[in-house]
Structure formats: structure tokens, C-alpha cells
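Student: Could you take me through one part of this model closely, namely the salt bridges, and tell me how the charged side chains involved are placed?

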Amino acid sequence: MKALKVLGVVLGLIILGFTLLGLFADNKLELEREMHIQASVATVWDHLVSLEKRDQWSPWNETDSTMKVSYAGLDAAVGAYSTWDGEILGTGEQEVYEIKDLRKIKTTIRFKTPREGEMDTWFLVDPAEEGGTTVRWGGFSEVNFPWNVF
């Protein structure tokens, strides 16, 4: 009986700690990466602005061999749209909402399953001083409790 009381108190403290952490943890998720590519800005841009070409090298596609992707809208233009459905990555969609020629691309990714969410993403393309192209990319999302704890 005493062991059950101790177990109950420990479990209660864990739940309380998790809840308090979730209430005070930041709910904003921001990420940014950068890489140098030995290719011209025009060549790199051509592979970033097109959702179909981007899917040819995207590491996400290697994660789920069951994934089926479909495209809508004019590729490499505002309004271009792709959807995916896979056993591992679930379902979702990506839509291009801003393009500044040879410089910036902004998209919104909407995750539907296994967990709903939305992320605004961007790519910035610049000529590198040492030749080639520098690409920076990132995203922003708000993460609700309890996922913000992680």
C-alpha cells in the first residue's frame, strides 16, 4: 500500500512538472541553415524555385519510399502547390506564396497527418564571394502544448 502511495506521488510530480514546463516553454520553433554550392545562382535557383525539381534532391523524399507526390498550379510560380501522402511522413501540402526572382522563395507547409501543423519556410540565394552560390533556408512555426515541451 505504501509503495502505491509513493508511486502515485512520483507520477503526480512528473505530470505536474511536465504541465508546468509546457506552460512556460517557448512555443516558437525557428530553424535556419546555410550551405555553399559550387554552381551558378541561376542553376541553383532553377532547382529551388520548382517544387518538382526540388523533390528530385530533397532528403525528405528518401525518408519515405511509399510517399506519393502530386503537383498543381504553374510550377516555379506563385500558387504552385504540391501534396504528399506517405506511410512514414503522413500527409500534407506545400504552397509557394512569394517569389523574388533569383533571390527569395517563400512557402507554407501544412502538415495534416500524423499531426496537424503549419510552417512558413523560405530560401535565400546569393552569389558567394569565392564563387558559386550561398543558399540559406529556414522556417518558423508555432508549436502548441504539449509538443512545445519537446
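Tutor: A search of the whole structure, which is a predicted model, finds 8 salt bridges. One of them joins the side chains of Glu 93 and Lys 112, with an N to O distance of 3.5 Å, and this pair links distant parts of the chain, since Glu 93 belongs to strand β4 (residues 90-100) and Lys 112 to strand β5, 19 residues apart. The two partners differ in their surroundings: Glu 93 counts as buried because its relative accessibility is 10%, under the 20% limit, whereas Lys 112, at 42% relative accessibility, counts as partly exposed.

A further salt bridge is formed by Arg 110 and Glu 118, whose closest N and O atoms are 3.8 Å apart. Here Arg 110 is partly exposed at 23% relative accessibility, and Glu 118 is likewise partly exposed, with a relative accessible area of 45%. These two pairs do not stand alone, for Glu 93, Glu 95, Arg 110, Lys 112 and Glu 118 are linked in a network of salt bridges.

The side chains of Glu 98 and Lys 100 also meet in a salt bridge, at 3.7 Å from N to O, and Lys 100 is partly exposed, its relative accessible area being 43%. As a general point, side chains of opposite charge can pair when their charged atoms come close.

Key: Residues numbered from 1 in each chain as written. Predicted model: local features only at pLDDT ≥ 70, side-chain atom pairs only at ≥ 80, totals over all residues. Heavy atoms only, no water. Salt bridge = Lys/Arg side-chain N within 4 Å of Asp/Glu carboxyl O. Helix = DSSP H or I, 4+ residues; strand = E, 2+ residues; numbered from the N terminus. Buried < 20%, exposed > 50% of the residue type's maximum accessible area, 1.4 Å probe, protein only.
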